[in-house]
Amino acid sequence: MQSRIVITGILLAMLVSCGKSPEKLLETADNHIKAGEYDLAISTYNDLIASHAEDTLAPEAYYRLARLYLDYLRDYDRGYEILTDLTAEYPASKPGITAQSDIAYFPDWLLNTAESQREKKEIQKSIKTLNYLVERFPEYEKSPIAQYLVGDIYMNDIRDFGKAIA
C-alpha cells in the first residue's frame, strides 16, 4: 500500500513538471541560481530542454546551462561541451550564434577569468584556470603567457619559489 502511494506521488510530480510552460521552467531555473541551488537549476534547465526541445526557449536554456557550469561551477569541460552541443542542435538561433562566439573566444575568456580570479585573491582558482588553459589549449597563442603567470603567482602571490621555478 505504501509503495502505491509513493509511485502515485512520483507520477504526480512528473505530471506537474511536464505541465509547466517553458517560460515558467526558465524562470524557476534562474531563481534556483539566484538562491545558489545549482543542482536544482541544472535539473530544471534539463527538464525544459528535454520536454520542450522544439520551443524557442530550449536554446536559451542550453546557453544558460552552459554559463552556469562556466561561471558558477567552474566546470570548464562541461560548460564547453554544452556550448558545443548547443551549436550543433540550434546553430541558427541567437543563443547558438552566441555559443559559437563563446567557443571561438574560450581560451581568451579563460585567461581573463584567471586574471580576474587573481585580482580577487582567489589564487588557487586562478592557478587551476591557468593550468586548464595550458593543458586544454596548448596551441593557443597565449598559452605560454598563461604558463608564465602560474610561475608568477607562485613567486609573487604565494611566495613559493621552488614551485615558481618549476
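**Notebook: salt bridges**

I began with Arg-67 and found that this residue is buried, its relative accessible area being 16%. I note here that I am working from a predicted model.

I then looked up the partner of Arg-67, which forms a salt bridge with Asp-71, with 2.8 Å between the closest N and O atoms. Asp-71 I recorded as partly exposed, with a relative accessible area of 32%. Both Arg-67 and Asp-71 belong to helix H4 (residues 57–72), where they sit four residues apart, about one turn of the helix.

Next I turned to helix H5 (residues 76–89), which holds both Arg-78 and Glu-81, three residues apart and thus again about one turn of the helix. These two residues form a salt bridge whose closest N and O atoms are 3.2 Å apart. I looked up accessibility for each: Arg-78 counts as partly exposed at 28%, and Glu-81 likewise counts as partly exposed at 39%.

For a pair that spans two helices I went to Asp-152, which forms a salt bridge with Arg-118, the closest N and O atoms lying 2.8 Å apart. Because Asp-152 lies in helix H8 (residues 143–158) and Arg-118 in helix H6 (residues 94–119), this pair ties together parts that are 34 residues apart in sequence. I checked the burial of both partners and entered Asp-152 and Arg-118 as buried.

Finally, I looked for linked bridges and noted that Asp-30, Glu-60 and Arg-64 are joined in a network of salt bridges. For the structure as a whole I wrote down a total of eight salt bridges.

Key. Residues numbered from 1 in each chain as written. Predicted model: local features only at pLDDT ≥ 70, side-chain atom pairs only at ≥ 80, totals over all residues. Heavy atoms only, no water. Salt bridge = Lys/Arg side-chain N within 4 Å of Asp/Glu carboxyl O. Helix = DSSP H or I, 4+ residues; strand = E, 2+ residues; numbered from the N terminus. Buried < 20%, exposed > 50% of the residue type's maximum accessible area, 1.4 Å probe, protein only.
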